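Q: Could you take a close look at the aromatic pairs in this model and walk me through one of them? I would also enjoy hearing about the unusual backbone spots and surface charge afterwards.

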Amino acid sequence: MTIKAVIFDWGGVFTINGTFTGFCKYYGPKVGFDPVKLKKASVKYWVPASVGDLDSKLYWEKTAKEIGINPVDFKRELLEFASYSPEVTNLLRKLKKNYKTALLSNQIEDWLEELLNKYELRDLFDVIVASYNVKLVKPNPEIYKLTYNRLNLQPEECVFIDDVPENLLPAKELGMKTILFNNFKQAQNELKSLGVNCD
């Protein structure tokens with residue numbers, strides 16, 4: 001079946017560094033905090049914030065308090081570490097001409113909404129499914145179903161790109177094509193191999 005939509009994850013796809021593990025290894029020594037404990041503190045409040053059970057603005061405050069640092073500094077450091085890939089955005093703009101596009105992300109509102117506005121990405125997606133709005137997280141199959149249903153497509157008409165292998169399994173089981181994102185060139189080449197026009 002012909003591909004009619006490309007669905008993107010956010011962290012590790014639009015951002016160059018997508019894992020808390022990497023950030024904690026980098027940032028922990030900077031603030032004199034054990035990276036393992038830093039990751040535990042970071043994830044502790046991320047989980048409820050990512051499904052809308054905790055105000056995402058409080059995520060920065062609560063995590064920073066456990067670490068003993070300023071929440072503004074913590075947020076700035078995390079966003080700067082994650083960085084941003086203009087290459088993926090350029091690809092998105094090209095795909096938008098011929099395909100439906102969607103964003104499917106486990107994220108917190110205060111992070112994602114800010115960046116969608118900053119990089120003027122909102123209008124480039126036909127559908128945005130964020131965990132904090134739908135109270136579902138990958139790899140729950142229901143969040144994938146919700147995404148392709150909102151696109152008014154069959155799963156076989158969609159390709160999903162994510163940097164986490166576990167997040168691809170339910171998509172594949174539902175019939176979606178999947179691409180494990182390792183880097184921009186590799187992901188673009190795999191899209192082309194599926195017959196997707198990336199020009």
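A: Happy to! Please keep in mind that this is a predicted model. Counting ring pairs by the centre-to-centre rule gives 18 aromatic pairs. One of them joins phenylalanine 23 and tyrosine 26, whose ring centres are 6.4 Å apart with 50° between the planes, a tilted arrangement. The label follows from the angle, because planes under 30 degrees apart count as stacked and those over 60 as edge-to-face, with the rest called tilted. The two residues sit three positions apart in helix α1 (residues 20-31), so about one helical turn separates them.

How much of each partner is accessible? Phenylalanine 23 is buried, at 0% relative accessibility, whereas tyrosine 26 reaches 36% and counts as partly exposed. Both belong to a wider cluster linked by ring pairs, made up of Phe20, Phe23, Tyr26, Tyr27, Trp46, Tyr59, Trp60, Phe74, Phe81 and Trp111.

Now for the backbone. Most residues other than glycine have a negative phi, and most peptide bonds are trans. Against that background, a few places here deserve a look.

Start with glutamate 120, which is not a glycine and yet has a positive phi of about 55°. Glutamate 120 lies in the loop that runs between α6 (109-118) and β3 (127-130). With a relative accessible area of 61%, glutamate 120 is exposed, because the exposed class takes in values over 50%.

Lysine 135 is another non-glycine residue with a positive phi, about 55°. Its place is the loop between α7 and α8. Lysine 135 has 49% relative accessibility and is therefore classed as partly exposed.

The loop between α7 (131-134) and α8 (141-150) also holds proline 139. The peptide bond leading from lysine 138 into proline 139 is cis, with omega near 15°.

Finally, the surface charge. Lys94, Lys97, Lys185 and Lys192 come together in a patch of positive charge on the surface. Of these, lysine 192 can be placed in helix α10 (residues 184-193). At 39% relative accessibility, lysine 192 is partly exposed, and this value meets the patch requirement because members need over 30% relative accessible area.

Key. Residues are numbered from 1 along each chain as its sequence is written. This is a predicted model: local features need pLDDT of at least 70, side-chain atom pairs count only at pLDDT 80 or more; totals for chains, interfaces and linings use all residues. Side-chain values use heavy atoms; hydrogens and water are left out. Patches are made of residues with over 30% relative accessible area and no salt bridge: like charges are joined within 9 Å, nonpolar side chains (Val, Leu, Ile, Met, Phe, Trp, Tyr) within 5 Å. Accessible areas come from the Shrake-Rupley method with a 1.4 Å probe; for residues, only the protein chains shown count as cover. A salt bridge is a side-chain nitrogen of Lys or Arg within 4 Å of a carboxyl oxygen of Asp or Glu. Lys and Arg count as positive and Asp and Glu as negative; His and the chain ends are not counted. The place of a charge is taken as NZ of Lys, CZ of Arg, CG of Asp or CD of Glu. Helices (H or I, at least four residues) and strands (E, at least two) are DSSP runs, numbered from the N terminus. Buried means under 20% relative accessible area, exposed over 50%, partly exposed in between (1.4 Å probe, protein chains only). Rings of Phe, Tyr and Trp (its six-membered ring) pair if their centres lie within 6.5 Å; planes under 30 degrees apart count as stacked, over 60 as edge-to-face and the rest as tilted.
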